[in-house]
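Morning, everyone. Please pull up the sequence and the model, and I'll walk you through a few places in it.

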Amino acid sequence: MNLALFVSGGLGFKVLKHLMDSKHSIKCVFTDSNSKGIVETAKDNHLPIFTGNPRNERAIKFIDAYEIDIILSINYLFLIERSLFSKAKLAVNIHGSLLPKYRGRTPHVWAIINNESKTGVTAHLIDDGCDTGDIVKQKEVIIDDSDTGSDILEKFNKLYVPLVDEILSDFEQGRMKPLPQNNKNATFF
C-alpha cells in the first residue's frame, strides 16, 4: 500500500521509523519544522517531504504527485483539509483520547487535570471537523494517581505502532468497520 504520513513529534517519528521497515511504501511525509528527527530521516531516506502548514491549498501540488492509498496522521500539528484527505482511499488520525471525549489538543493532559481514571488512543477517520470522524479502533490506558503528561505519552508510545499495524491490516483485509461517534458525549479542550 502507498502511504502518506502526516507526522510530528516523538510518536510520529516512531511510527515513521516503523513503517520505513515495513512492506508498505511511504510515498511522502508531511511534518512541521520543529520535528527535526522526522525531517532528517525523510531527507536521509530520500522521502519527499512537505514541511509546514498544508492548509489553504498549500500542499495540493505536492500530494498530487503521488498515488496514495492511505493517509495516516500521527501527532500531526495541523488539521488536514478535505482537499488533502480526499486524495486517499482511507484517511485515519490517531488521537490521544477516548473519543468523543477530549477532542482537541493535548487531551491526555486535560484528562489528568480533570481527574479521569482512564484515557486512551482513538484511531478515527479524518473528516471536516476536529477529531469528529467515525471511530476505527480504541485502546484504553489507565491513569495512575502519580501519572504526568509525560507518563501518559510513554504509555501511548507502546500503543501507536501496534495500532497502526492493526489499521493497515484491517484495511487490507476489508475488515474495517468504522462507528460514528456519539456527539452527545463529546467534549473539546
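A definition to start with. A patch here is built from residues with over 30% relative accessible area and no salt bridge, and nonpolar side chains are joined within 5 Å. Keep in mind that this is a predicted model.

So, which residues make the nonpolar surface patch? Val109, Trp110, Ile113 and Phe189 make it, and the patch comes to about 320 Å². Look at Phe189. Phe189 sits in the segment after helix 6, which spans 149-173. Its relative accessibility is 32%, so Phe189 counts as partly exposed. The cut-off for patch residues is over 30%.

Now to the inside. Take strand 5, residues 90-95. How many of its six residues are buried? Six of the six are, so strand 5 is largely enclosed by the rest of the structure. Check the two faces. Leu90, Val92 and Ile94 point one way. Ala91, Asn93 and His95 point the other way, and these too are buried.

What flanks strand 5 in the pairing? Strand 4, residues 70-74, runs parallel to strand 5, with five bridges joining them. One register point: Ile71 has Ala91 as its bridge partner in strand 5. Strand 6, residues 118-125, runs antiparallel to strand 5, and four bridges join that pair. The register point there is Asn93, whose bridge partner in strand 6 is His124.

Next, helix 2, residues 36-44. Which of its residues are buried? Ile38, Val39, Thr41 and Ala42. What do they pack against? Four elements: strand 1 (2-7), helix 1 (9-20), strand 2 (25-31) and strand 3 (49-51). Then look just past the helix. His46 takes a positive phi there, of about 55°.

On to cysteines. How many disulfides does a search of the whole structure find? Zero. A disulfide is a covalent bond between the sulfur atoms of two cysteines. Two cysteines to click on. Cys28 has a relative accessible area of 0%, so Cys28 is buried. Cys130 is at 25% relative accessibility, so Cys130 counts as partly exposed.

Last stop, Arg82. Arg82 is found in helix 4, residues 82-85. At 43% relative accessibility, Arg82 counts as partly exposed. How far is Arg82 from Arg55? They are 27 residues apart in sequence, and 9.8 Å apart in space, C-alpha to C-alpha.

To recap two of the stops. Strand 5 has six of its six residues buried. The nonpolar patch includes Phe189. That's my tour; over to you.

Notes: Residues are numbered from 1 along each chain as its sequence is written. This is a predicted model: local features need pLDDT of at least 70, side-chain atom pairs count only at pLDDT 80 or more; totals for chains, interfaces and linings use all residues. Side-chain values use heavy atoms; hydrogens and water are left out. Buried means under 20% relative accessible area, exposed over 50%, partly exposed in between (1.4 Å probe, protein chains only). Helices (H or I, at least four residues) and strands (E, at least two) are DSSP runs, numbered from the N terminus. Contact means heavy atoms within 4.5 Å. Two strands pair if DSSP finds at least two bridges between them. Patches are made of residues with over 30% relative accessible area and no salt bridge: like charges are joined within 9 Å, nonpolar side chains (Val, Leu, Ile, Met, Phe, Trp, Tyr) within 5 Å. Accessible areas come from the Shrake-Rupley method with a 1.4 Å probe; for residues, only the protein chains shown count as cover. A salt bridge is a side-chain nitrogen of Lys or Arg within 4 Å of a carboxyl oxygen of Asp or Glu. A disulfide is a pair of cysteine sulfur atoms within 2.5 Å.
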